[in-house]
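Reader: I should be grateful for a close look at how helices pack against one another in this model. Please treat the matter in one connected account.

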Amino acid sequence: MSALERQCTLLINYDQSSQVDVPELLSKLEGGDTNEKIDALKQFILMQLNGEAVPSLLMTVIRFVLRPQSETHLRKLGLYYLEIVDKRGEDGKMLPEMILVCNMVRMELENPNEYSRGSALRFVCKLHDADLVEPLISAIRPNLEHRHSFVRRNAVHAIHHVYAKFEHLIPDAPEIVEAFLSNEVDLACRRNAFLMLCQCDQERAVMHLLQNIAEVPSWGETLQLSALELIRKVCRQNPMQKGGYIRIILALLQSAAAAVVYESANTLISLSNAPTAVRAAAQRFCDLLSTQSDNNIKLILLDRLFELRKNHLQTMQELLMDMLRALSSPNMDIRRKTLTLAMDLVTNRNVEDVISILKKELLRTQASTDVSPEVLYEYRQLLVHALHSTAIRFPHVAPTAVNVLTDVLGDSFGPATTDVIMFVKEITEILPELRPGILEKLLEALPTIKVPAVVRGALWILGEYSETPQQLRQAFMVRSGKPA
């Protein structure tokens, strides 16, 4: 059975079709220079992961790789090999070589080089046998006071792993980590310690959070995210405590870190359905929508706004203009989703502002030269459809919408202008009071129309709805270029 089928601390692609000369690799591992040893050990690690174990290799690695005099990177590869090698024999008993391994790891945990210490601490996190971990406990604890943050950070990881797997080996781990957290200044170390308390002793984590509630806004991004995760966990277990954490969440909504703002907004929505809370969260989603440059982030934010729309329609309608700022993105998926959301939130109170923005966007596409024609055609069609649906739903803004639509009839964008003339025909039919103005606009635009299908549509509208023969005659004279 391969190492990957038993445990998966490493996952590396391996070409099994290549031929491997095991005796030659062993000779390199025993007597080659550092680079040859590194290449040979990498090959042996790949073989071990894929079930091609080499007998007696463990002792060779201990003798020629894990020596204190070996190069740091080589010793790190040796630790990788120890992660995946079988540590017990077929009879289930610990291999005698593991005594040497424990002594070597202890030496690494006390090594003056911080990189070696950190690598050894990370190796401890991969051990799942109490007999191997127990002799190392006394060497792990002093690393919490090491001068280098890299060592302290991995020491917290190691203590977390040991306590989670073998609580009896270090029963006072929560007290140790709590004291460490109170005095630590490095952000990554504090985050690891706080996360350990959240998962192993939630009451201590909550106590630390409440004792430092005024300092939470000044915490680092990763530590703030851990605090939000703890708040969600506590409130799921005891919903009655929600009110005590709203202050923290509202403070984190003003964070400069986008990830913290997003998680704070999600947490606030999950804890409260009050209109003020939903409005605050949705406003921050809209702010992120306009400030973040990553298209995937924008799409995720739009999905969150869609979800809020289902149960908080009135609150979302108040933020429609902020959402429409996403139309400045050149990505068509974002534009399409934004317009779909906007059309569901249009009301009599904001429809005029929406028409104004759609008009500006339509005019902006006429002057755009840095976008491919296909994308431009598609975006114009989306805007035309949005204007048309808005005019149908809110007849009092139909004149403004028709004026905007007829202004683009002279463009050479075939699909968009064809849709425009069809929409103008529909509006002319269902809103008779607008017919005189529409006919007049069509007469003005007729000489500039370039697309034959649009010309036919315009002439049909003029022929169908003109009230006097003079209006129809004027249309043909205008089209033929003669004075009206």
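Author: The account below takes two helix pairs in turn, and then a short helix and a longer one. The model is a predicted one.

Two packed helices are described by the angle between their axes and the distance between the axes. For helix α12 (residues 187-200) and helix α14 (residues 221-237), that angle is about 10° and the axes lie 8 Å apart. Because angles under 35 degrees count as roughly parallel, α12 and α14 are roughly parallel to each other. Their crossing is left-handed. On the α12 side, the contact is made by Leu187, Arg190, Arg191, Phe194, Leu195, Cys198 and Gln199. On the α14 side, Glu221, Thr222, Leu223, Ser226, Ala227, Glu229, Leu230 and Lys233 take part. Sorted by class, this contact of α12 with α14 comprises seven nonpolar, three polar and five charged residues.

The second pair is helix α4 (residues 57-64) with helix α6 (residues 97-109), whose axes come within 10 Å and cross at roughly 30°. That angle makes α4 roughly parallel to α6. The crossing of α4 and α6 is left-handed. Here Leu58, Met59 and Ile62 of α4 meet Glu97, Met98, Leu100 and Val101 of α6. By class, the contact of α4 with α6 has six nonpolar residues, one charged residue and no polar ones.

The short helix is α9, which spans residues 137-140. Ile137 has its place in α9, and Ser138 is found there too. Ile137 counts as buried, with 11% relative accessibility, whereas Ser138 is partly exposed, at a relative accessible area of 49%. Leaving aside neighbours within four places in sequence, Ile137 is in contact with Val162 and Leu169. Between Ile137 and Val124 there are 9.8 Å in space, C-alpha to C-alpha, for a separation of 13 residues in sequence. Ser138 and Ile170, for their part, are 32 residues apart in sequence, and their C-alpha atoms are 9.8 Å apart.

The longer helix is α23 (residues 373-393), with 21 residues. At 1.5 Å a residue, α23 should span 30 Å, and its end C-alpha atoms are 30 Å apart, which agrees. Buried residues in α23 include Leu376, Leu383, Val384, Ala386, Leu387 and Ala391. Tyr379, Arg380, His388 and Thr390 of α23 are buried as well.

How values were computed: Residues numbered from 1 in each chain as written. Predicted model: local features only at pLDDT ≥ 70, side-chain atom pairs only at ≥ 80, totals over all residues. Heavy atoms only, no water. Axes fitted to C-alpha atoms, helices over the stretch in contact; angles between N-to-C directions. Helix = DSSP H or I, 4+ residues; strand = E, 2+ residues; numbered from the N terminus. Parallel < 35°, antiparallel > 145°, perpendicular 65-115°, else oblique. Left-handed = near helix turned anticlockwise from the far one by under 90°. Contact = heavy atoms within 4.5 Å. Nonpolar A, V, L, I, M, F, W, Y, C, P; charged D, E, K, R; others polar. Expected span 1.5 Å × (residues − 1). Buried < 20%, exposed > 50% of the residue type's maximum accessible area, 1.4 Å probe, protein only.
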